[in-house]
Amino acid sequence: MQNGSGPEPAETGPEPAETGPELGETRPELAETGPELAETGPGLAEIYGSLRASLEAIMLVADEPVSEVLIAQVLERPRAEVAEALRELADSYTAEQRGFDLREVAGGWRFYTREECAAVVERFVSDGQEVRLTQAALETLAVVAYRQPVSRARVSAVRGVNCDGVIRTLVLRGLVEETGTDAETGAILFATTGYFLERLGLPGLDDLPELAPFLPEHLEDESDPSHEPAQ
């Protein structure tokens, strides 16, 4: 009985030891999750790795000039790096003689068709799809652009005709906006918008051309019906 009972407790000894590998087996499973998480890294790197591709994608969907600050925030890149990449991208389009170029206008960047392709674009776009400004609207817009901020009365005095209707049209088109009131008279002041710079393809108001060479000696008065935009 004593000899037979001796080995029995010894047989139970390995049983707790067998649980060791079971716990140990879970460690490779945890270790296997490391590569899985690591695999997500290259995916993000591929998306943001090519700064040029990212910039082109943003420019293609932008319906207005996009600032360098906003692009830098979206891509989580330094602004200086984004600014340099945008300029290099614009230079490469010019060197490659692309049909479009990347311009810095109205405090941001946007794609534009190249000037040399204007004739082709004009033939592609039918005349009826674009509403043009009348001569009266163009003259009023010029006065606002070069005299801003300026009141309705001042614009009317420069043109020699009441411009209230024309200014309302320019406001509705998004080319002109209210920008405060005159401290002395309380009159509403008007100035051009960022959309105005965008349409002209200018970085800022300082880039407006000299007006004197284009001014006629006399501006003809126009009747009220002609102030309405031409179709």
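Which residues of the largest nonpolar core touch the most other members? They are Leu141, Val155, Leu170, Val176 and Phe196, out of 20 residues in that core. The model described here is predicted.

## Overview and confidence

The protein has 231 residues, of which 27% count as buried. Its secondary structure consists of 11 helices and 5 strands. Among contacts in the protein with a separation of 6 or more, 51% are between residues 24 or more positions apart.

The average pLDDT of the protein is 75, and 67% of the residues score at least 70. Two stretches stay under a pLDDT of 50: residues 1–6, for which the model has 0 contacts beyond four places in sequence, and residues 16–45, for which the model has 1 such contact. Where pLDDT is low, the predicted coordinates should not be read in detail.

## The two nonpolar cores

In soluble globular proteins, nonpolar side chains tend to be buried together. The largest nonpolar core of this model has 20 residues. Helix H8 (135–147), helix H10 (164–172) and helix H11 (194–200) each supply at least two residues of this core. The most come from H8, which gives 6 residues.

Val176 is one of the core members that touch the most others. Leaving out residues up to four places away in sequence, Val176 touches Leu141, Val144, Leu170, Val171, Phe190, Ala191, Thr192 and Thr193. A second core, separate from the largest one, has 18 residues, including Ile58, Ala62, Ile71 and Ala90.

## Helix H6 and its surroundings

Helix H6 covers residues 79–95, 17 residues in total. From the first C-alpha to the last, H6 reaches 24 Å, close to the 24 Å expected at 1.5 Å a residue. An α-helix has 3.6 residues a turn, so residues three or four places apart point the same way. The buried residues of H6 are Val82, Ala83, Ala85, Leu86, Leu89, Ala90, Ser92 and Tyr93. Of these, Ala90 is also listed in the second core.

What do the buried residues of H6 pack against? Their partners are helix H4 (51–61), helix H5 (68–75), strand S1 (100–105) and strand S2 (108–113). After H6 comes Gln97, which has a positive phi near 55 degrees.

The loop between H5 and H6 holds Glu76 and Pro78. Glu76 is not a glycine, yet its phi is positive, near 55 degrees. With a relative accessible area of 72%, Glu76 is exposed. Pro78 has a relative accessible area of 49% and is therefore partly exposed, as exposed residues are over 50%. Along the chain, Pro78 and Glu68 are 10 residues apart, and their C-alpha atoms are separated by 9.6 Å.

## Strand S1 and the loop after it

Asp101 lies in strand S1. Is Asp101 buried or exposed? Asp101 is buried, because its relative accessible area is 12% and the cut-off for buried is under 20%. A polar contact of 3.2 Å links the side chain of Asp101 to that of Arg103. Apart from neighbours within four places in sequence, Asp101 is in contact with Tyr93, Arg110, Phe111, Tyr112, Thr113 and Arg114. Tyr93 is one of the buried residues of H6.

The loop between S1 and S2 contains Ala106. Ala106 has a positive phi, near 50 degrees, in a residue other than glycine. Its relative accessible area is 28%, so Ala106 is partly exposed.

## Helix H8 and the cis peptide

Glu139 is found in helix H8, the helix that gives the most residues to the largest core. Glu139 counts as buried because its relative accessibility is 14%. The side chains of Glu139 and Arg159 are joined by a polar contact of 2.9 Å.

Between H8 and strand S3 (150–151) is a loop that includes Pro149. The peptide bond joining Gln148 and Pro149 is cis, with omega about -10 degrees.

## Cysteines

How many disulfides does the structure hold? The number is 0. Cys117 is partly exposed, with a relative accessible area of 27%. Cys163 is buried, with a relative accessible area of 0%.

How values were computed:
Residues numbered from 1 in each chain as written. Predicted model: local features only at pLDDT ≥ 70, side-chain atom pairs only at ≥ 80, totals over all residues. Heavy atoms only, no water. Core = buried A, V, L, I, M, F, W, Y, C linked by side-chain atoms within 4.5 Å. Buried < 20%, exposed > 50% of the residue type's maximum accessible area, 1.4 Å probe, protein only. Helix = DSSP H or I, 4+ residues; strand = E, 2+ residues; numbered from the N terminus. Contact = heavy atoms within 4.5 Å. Expected span 1.5 Å × (residues − 1). pLDDT = per-residue confidence, 0-100. Disulfide = S-S within 2.5 Å. Polar contact = N/O pair within 3.5 Å; in protein donor to acceptor, adjacent residues only side chain to side chain.
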